[in-house]
Amino acid sequence: WPRSRSSGVISQRKGGVDAVSCHLPPSSQIYPILLPRETRTRRALLICNTEFEHLSQREGAEVDVKEMTKLLEGLGYRVDLHENLTSQEMAVVMKDFAGHEDHLTSDSTFLVFMSHGRRTGLCGTKSRDETTDILSLDTIYENFNNKHCKALIGKPKVVIIQSCRGDKRGSVLVSDSAISEMPALSSDSMNTVKLECKEMRLIHLESDFATLYSSTPDTVSWRNPVRGTIFIQRLVEQFRNHAFNSDLQELFRKVQRSFEDFPKQLPTQERTTMLRKFYLFPGH
């Protein structure tokens, strides 16, 4: 995906011709990418649980892993892949990844989680119910917040979560709707602080996150045993088609809009604290 940038314009080179794609907003509104592509060290974490001791196997998840890995590598990230972990093991992997020195010379990170899920969090491989072997989503943000992951302060932290959030269906019949027949699918089921040193500054504990969840609270996420989850399919498609000229949150909206023809599920942007626009192809 070669891209170039000139005079505040992102352009896509195709067939030897630069076609103007979009005008960037002022630089103060964009997350800075200071290092050239050759020297920056983007890393992504991908955790996927497919096999469980007490829950059904997530058939098709291997397709999601393949497609997300290919997408992230195409975006310039080195992918750290971990599969079939308990909640405790997932927490350890996240802590280790948050401490990686490559984040010092990176501009961002992606944190991707795929598993069965509950309203309370993500299922580890030994999960039985709502309370056993569940990774609280708070753990993700705690590991990568500005206190525990200083190398990523001021840098986008993109969280992608594919899992069910309950057993409820996400659709409702209304009088003017016509729902077409769907393919066979499975579900995944205030204090003031005085600073004495001018070099110190206050920053929010949890800034610069952008989260896209595969479904709304309490509802299921759908998965095809051959093609993988609908969420990952459509996310990959939208990123491949529009990452060259759209900022991250616009990409998220495109993913959400792609579900207008599938009312059983709707991805949600949650716990998003990004203060600027993040372009994956800045032209460096």
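1. A good place to start is a small pairing: Leu122 sits opposite Leu135 of strand 9. Strand 8, residues 121–123, is joined to strand 9 by two bridges, and the two run antiparallel. Please keep in mind throughout that this is a predicted model.

2. Those two strands belong to an open sheet of three, ordered 7-8-9, with antiparallel pairing. Strand 7 (117–118) and strand 9 (134–135) are the edge strands; each has a single partner strand, so one side of each has no neighbour in the sheet.

3. Before going further, a word on confidence. The mean pLDDT of the protein chain is 83, and 78% of its residues reach 70 or more. Two stretches call for care when you look at the picture. Over residues 1–25 pLDDT stays under 50, and the model has 51 contacts beyond four places in sequence for them. Residues 173–183 also stay under 50, with seven contacts beyond four places in sequence.

4. Next, strand 10 (157–162). How many of the residues of strand 10 are buried? Six of the six are, so this strand is largely enclosed by the rest of the structure. In a regular strand, side chains alternate between the two faces of the sheet. Here Lys157, Val159 and Ile161 point one way, while Val158, Ile160 and Gln162 point the other way, and all are buried. Note that Lys157 and Gln162 are included in that buried set.

5. Strand 10 has pairings with strand 6 and strand 12. With strand 6 it runs parallel, joined by six bridges. Strand 12 also pairs with strand 10 in the parallel sense, over five bridges. Val159 is a handy residue to click on: it is the bridge partner of Leu111, and it stands opposite Thr211 in strand 12.

6. Phe110 deserves its own point. This residue is found in strand 6 and, at 2% relative accessibility, counts as buried. Beyond its sequence neighbours up to four places away, Phe110 touches Arg43, Ala44, Leu45, Leu72, Tyr77, Val158, Ile160, Phe239, Leu248 and Leu280. One of these, Leu72, is 38 residues from Phe110 along the chain, yet their C-alpha atoms are separated by 8.2 Å.

7. In soluble globular proteins, nonpolar side chains tend to be buried together. The largest nonpolar core in this model has 40 residues, and those with the most contacts inside it are Met68, Phe110, Phe239 and Leu280. Elements giving two or more residues to this core include strand 4 (43–48), helix 1 (61–74), strand 6 (109–114) and strand 12. Which element gives the largest share of this core? Helix 4 does, with six residues. Apart from this core lies another, of 22 residues, among them Met90, Met94, Ala98 and Leu152.

8. Leu280 makes a useful companion to Phe110. Leaving aside neighbours within four places in sequence, Leu280 is in contact with Arg42, Leu75, Tyr77, Phe110, Phe239, Ala243 and Leu251.

9. Leu251 leads us to helix 5, where it is one of the buried residues. Seven of the ten residues of this helix are buried, so "mostly covered" is a fair description of helix 5. The buried set is Leu248, Glu250, Leu251, Phe252, Lys254, Val255 and Gln256. These residues pack against strand 6, strand 10, strand 12, helix 4 and strand 15 (268–270). At the N-terminal end of helix 5, Asp247 acts as a cap, with a side-chain oxygen 3.2 Å from the backbone nitrogen of Gln249.

10. Ser214 is another residue to look at. It lies in the loop between strand 12 (209–213) and strand 13 (222–224). Is Ser214 buried or exposed? At 0% relative accessibility, Ser214 counts as buried. Its side chain makes a polar contact of 2.7 Å with the side chain of Ser221. Contacts of Ser214 beyond four places in sequence include Ile161, Gln162, Ser163, Phe231 and Pro267.

11. Finally, the cysteines. The whole structure contains zero disulfides. Cys164 is in none, and the nearest cysteine sulfur, that of Cys123, is 8.8 Å away. With a relative accessible area of 0%, Cys164 is buried. Cys48 likewise counts as buried, at 0% relative accessibility.

Technical notes:
Residues numbered from 1 in each chain as written. Predicted model: local features only at pLDDT ≥ 70, side-chain atom pairs only at ≥ 80, totals over all residues. Heavy atoms only, no water. Pairing = 2+ DSSP bridges. Helix = DSSP H or I, 4+ residues; strand = E, 2+ residues; numbered from the N terminus. Disulfide = S-S within 2.5 Å. Buried < 20%, exposed > 50% of the residue type's maximum accessible area, 1.4 Å probe, protein only. Polar contact = N/O pair within 3.5 Å; in protein donor to acceptor, adjacent residues only side chain to side chain. Contact = heavy atoms within 4.5 Å. Core = buried A, V, L, I, M, F, W, Y, C linked by side-chain atoms within 4.5 Å. pLDDT = per-residue confidence, 0-100.
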